[in-house]
There are 2 protein chains.
Amino acid sequence: MTLPPHAGPGSDPGIGGAVAPGGSPLRSVPEASVVRLALYLRVLGELAEQGTETVSSDELAGASGVNPAKLRKDLSYIGSYGIRGVGYEVAPLLRHLEHSLGLTQRQAVALVGVGNLGHALAGYAGFAGNGFPVVALFDIDPDLVGVGINGILIDHVDELRRVCAERGVTIGMIATPGQAAQGVCDQLVACGVRCILNFAPAVLQVPDDVDVRKVDLAVELQVLAFHVARRHLAAAEGPLNVVAQAAAAAINGAGRRVTGGTS
Amino acid sequence: MTLPPHAGPGSDPGIGGAVAPGGSPLRSVPEASVVRLALYLRVLGELAEQGTETVSSDELAGASGVNPAKLRKDLSYIGSYGIRGVGYEVAPLLRHLEHSLGLTQRQAVALVGVGNLGHALAGYAGFAGNGFPVVALFDIDPDLVGVGINGILIDHVDELRRVCAERGVTIGMIATPGQAAQGVCDQLVACGVRCILNFAPAVLQVPDDVDVRKVDLAVELQVLAFHVARRHLAAAEGPLNVVAQAAAAAINGAGRRVTGGTS
DNA sequence: ACCTGTGAAGATTTTCACAGCA
DNA sequence: TGCTGTGAAAATCTTCACAGGT
């Protein structure tokens with residue numbers, strides 16, 4: 001069985017606009033769009049803080065590093081309604097995005113592996129503040145069990161099943177060494193966790209109905225290294241390229257490009 | 001850069017963009033493929049450790065969670081030569097991948113922002129071990145300046161330009177708060193850094209010739225939250241789905257149980 | 001007999017471009 | 001006039017399926 005980074009259970013055709021009880025259309029949203037929606041949400045939050053009340057798709061797209069048409073299409077997936085000739089009202093759009101991303105419901109997060117990286121994740125303020133409280137910590141090291149971080153005590157991995165059930169964990173984060181990751185993943189899945197964020201350098205095999213997203217630091221650096229190398233090759237190879245690049249660089253000295261996401 | 005009217009954000013498309021105008025290909029490798037190449041490299045490393053000498057595309061693809069045809073196509077971008085009827089020799093393929101990803105040359109990394117997350121990144125063993133030594137640390141907090149982590153002293157951000165030049169930094173990592181990220185990014189670019197890995201919750205604006213990759217923890221969690229919510233909606237809507245999901249869960253509950261280790 | 005490398009088909013995502021409304 | 005929402009075209013990525021080695 002294969003697990004593309006985001007093998008959603010929704011290989012499901014379901015083109016038809018199935019309608020949920022509430023009446024909102026449950027249309028399939030491309031994974032890439034979901035990622036961008038989360039991005040727009042943050043940018044909108046910043047705009048709201050500044051007191052901005054409306055934005056055009058051009059403005060919001062610019063601030064998000066995205067093509068305006070793409071932004072409008074992304075919003076269309078969640079049935080957003082802007083005002084023609086004006087743009088979008090920041091506050092309502094923000095609420096709409098939160099709702100569409102399922103942020104109205106609090107998601108309890110469990111973190112397995114409180115080593116170097118795990119410790120930082122456990123203490124990361126960005127989580128709790130955004131509706132993702134870390135409610136459980138696990139490690140296999142007896143010296144760590146019982147230690148508290150941000151008011152949460154570390155439990156032994158053997159307690160995973162019980163603790164996750166008790167605390168209603170819906171999202172699992174894995175920050176163990178690579179060899180341990182699959183085992184931990186299996187346990188989380190057995191506990192009913194269906195969404196996993198994996199920081200361990202390992203490819204996780206999971207059932208079809210489980211979503212895994214991966215953050216792989218080594219891979220990120222290697223991808224950048226590839227670009228460094230390619231840049232050297234390109235420069236060494238074509239004088240024409242060098243000229244073109246220099247020209248482009250000069251032109252861009254003033255105007256800037258926007259670069260968005262990854263993962 | 002080249003022709004495309006718009007340098008797309010997101011997973012920066014025109015990677016091989018440097019297709020020589022009148023010259024040789026310098027074949028462009030799709031960004032998605034580059035990411036997977038890095039993944040194959042890791043899996044191959046594991047195979048090599050186990051003493052495996054050859055793998056078929058099926059096996060390697062399975063272990064990487066990827067479709068075999070896709071794997072072969074990915075490898076074809078870097079002109080890999082397997083042996084028909086047999087597969088790939090692990091060691092040569094591993095070397096080939098390392099070379100193609102530019103890992104033969106050591107990349108010096110600078111990390112800006114030694115807070116909660118930054119501290120963990122500075123101590124992350126996976127970097128140095130993979131040819132990405134962190135050679136410089138920066139922060140704006142006077143209390144941190146002078147502190148050493150893993151033998152590297154933290155410098156003040158004001159020293160960024162000098163230190164990066166002295167130590168030949170080629171890759172920058174940003175782990176500052178969101179508001180500080182753009183400023184830091186500008187400084188890195190001014191120092192000649194052309195590849196940046198951004199952990200800060202901010203969209204960075206950079207010139208065309210700079211590659212940015214982003215790791216955004218809040219976005220990752222929100223994407224997972226979206227899937228949790230969608231799953232609930234789907235379950236509430238389609239009774240057939242519920243049955244199928246329950247069955248899948250049951251089957252997997254009986255699945256292997258592995259006692260995991262943790263750091 | 002088996003497995004790679006790849007053209008071509010298929011699927012998905014991005015972008016264009018314009019109708020339609022405020 | 002200005003900007004959204006969206007059908008359709010373009011670009012990109014994935015998968016199939018098979019020719020061609022070993």
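The surface near DNA strand C is made up of seven nonpolar, eight polar and eight charged residues. The model is predicted, and this report begins at that surface.

## DNA strand C

In total, 23 residues surround DNA strand C. Closest are Arg36(A), Ser57(B), Arg72(B), Gly82(B) and Tyr88(B). That list draws on both chain A and chain B. Sugar or phosphate accounts for 62% of the strand C atoms within 4 Å of the protein, and bases make up the rest.

Three polar contacts show how the protein meets this strand. Arg36(A) places a polar side-chain atom 2.8 Å from a phosphate oxygen of DNA strand C. Tyr88(B) also uses its side chain: an N or O atom there is 2.6 Å from a phosphate oxygen of the strand. Gly85(B) works through its backbone, with an N or O atom 3.0 Å from a sugar or linking oxygen. Two elements give two or more residues to this surface, α3 of chain A and α3 of chain B. Of these, α3(A) gives the most, with four residues.

## DNA strand D

Which residues come nearest to DNA strand D? They are Ser57(A), Arg72(A), Gly82(A), Tyr88(A) and Arg36(B), out of 23 residues around the strand. Sugar and phosphate supply 57% of the strand D atoms that come within 4 Å of the protein.

The polar contacts again involve both protein chains. Ser57(A) has a backbone N or O atom 2.5 Å from a phosphate oxygen of DNA strand D. In Arg84(A), an N or O atom of the side chain is 3.1 Å from a sugar or linking oxygen of DNA strand D. From chain B, Arg36(B) brings a side-chain N or O atom to 3.0 Å from a phosphate oxygen of DNA strand D.

Helix α3 (68–77) of chain A and helix α3 (68–77) of chain B each supply at least two residues of the surface near DNA strand D. The largest share, four residues, comes from α3(B). By residue class, this surface holds six nonpolar, nine polar and eight charged residues.

The table collects contacts to both strands.

| Protein group | DNA group | Distance |
|---|---|---|
| Arg36(A), side chain | strand C, phosphate oxygen | 2.8 Å |
| Tyr88(B), side chain | strand C, phosphate oxygen | 2.6 Å |
| Gly85(B), backbone | strand C, sugar or linking oxygen | 3.0 Å |
| Ser57(A), backbone | strand D, phosphate oxygen | 2.5 Å |
| Arg84(A), side chain | strand D, sugar or linking oxygen | 3.1 Å |
| Arg36(B), side chain | strand D, phosphate oxygen | 3.0 Å |

## Chain A as a whole

Chain A contains 10 helices and 10 strands. It has 263 residues, and 51% of them are buried. Among its contacts between residues at least 6 apart in sequence, 58% join residues at least 24 apart. The chain exposes about 11300 Å², and carbon and sulfur atoms supply 56% of that area.

Ala48(A) gives a local view. It sits in helix α1 (residues 31–49) of chain A. Its relative accessible area is 38%, so Ala48(A) is partly exposed. Leaving aside residues up to four places away in sequence, Ala48(A) touches Val90(A) and Leu94(A). Asn198(A) is 150 residues from Ala48(A) in sequence, and their C-alpha atoms are 32 Å apart.

## Cysteines

How many disulfides does the whole structure hold? The search finds zero over all chains. Two cysteines illustrate the point. The closest cysteine sulfur to that of Cys191(A) is in Cys164(A); it is 4.8 Å away, so the gap is too far for a bond. Cys191(A) is partly exposed, with a relative accessible area of 22%. In chain B, the sulfur of Cys185(B) is 11 Å from its closest cysteine sulfur, in Cys191(B), and that is also too far for a bond. Cys185(B) is buried, at 0% relative accessible area.

## Positive phi at Asn150

Most residues other than glycine have a negative phi. Asn150(A) is not a glycine, yet its phi is positive, about 55°. It lies in the loop between β5 (148–149) and β6 (152–156) of chain A. Is Asn150(A) buried or exposed? It is exposed, with a relative accessible area of 61%.

Chain B has its own case. Asn150(B) has a positive phi near 55°. This residue is in the loop between β5 (148–149) and β6 (152–156) of chain B. Asn150(B) is exposed, with a relative accessible area of 63%.

Terms used. Residues numbered from 1 in each chain as written. Chains lettered and ligands numbered in written order. Predicted model: local features only at pLDDT ≥ 70, side-chain atom pairs only at ≥ 80, totals over all residues. Heavy atoms only, no water. Buried < 20%, exposed > 50% of the residue type's maximum accessible area, 1.4 Å probe, protein only. Contact = heavy atoms within 4.5 Å. Areas by Shrake-Rupley, 256 points an atom, 1.4 Å probe, with all protein chains shown as cover. Near = heavy atom within 4 Å. Polar contact = N/O pair within 3.5 Å; in protein donor to acceptor, adjacent residues only side chain to side chain. Nonpolar A, V, L, I, M, F, W, Y, C, P; charged D, E, K, R; others polar. Disulfide = S-S within 2.5 Å.
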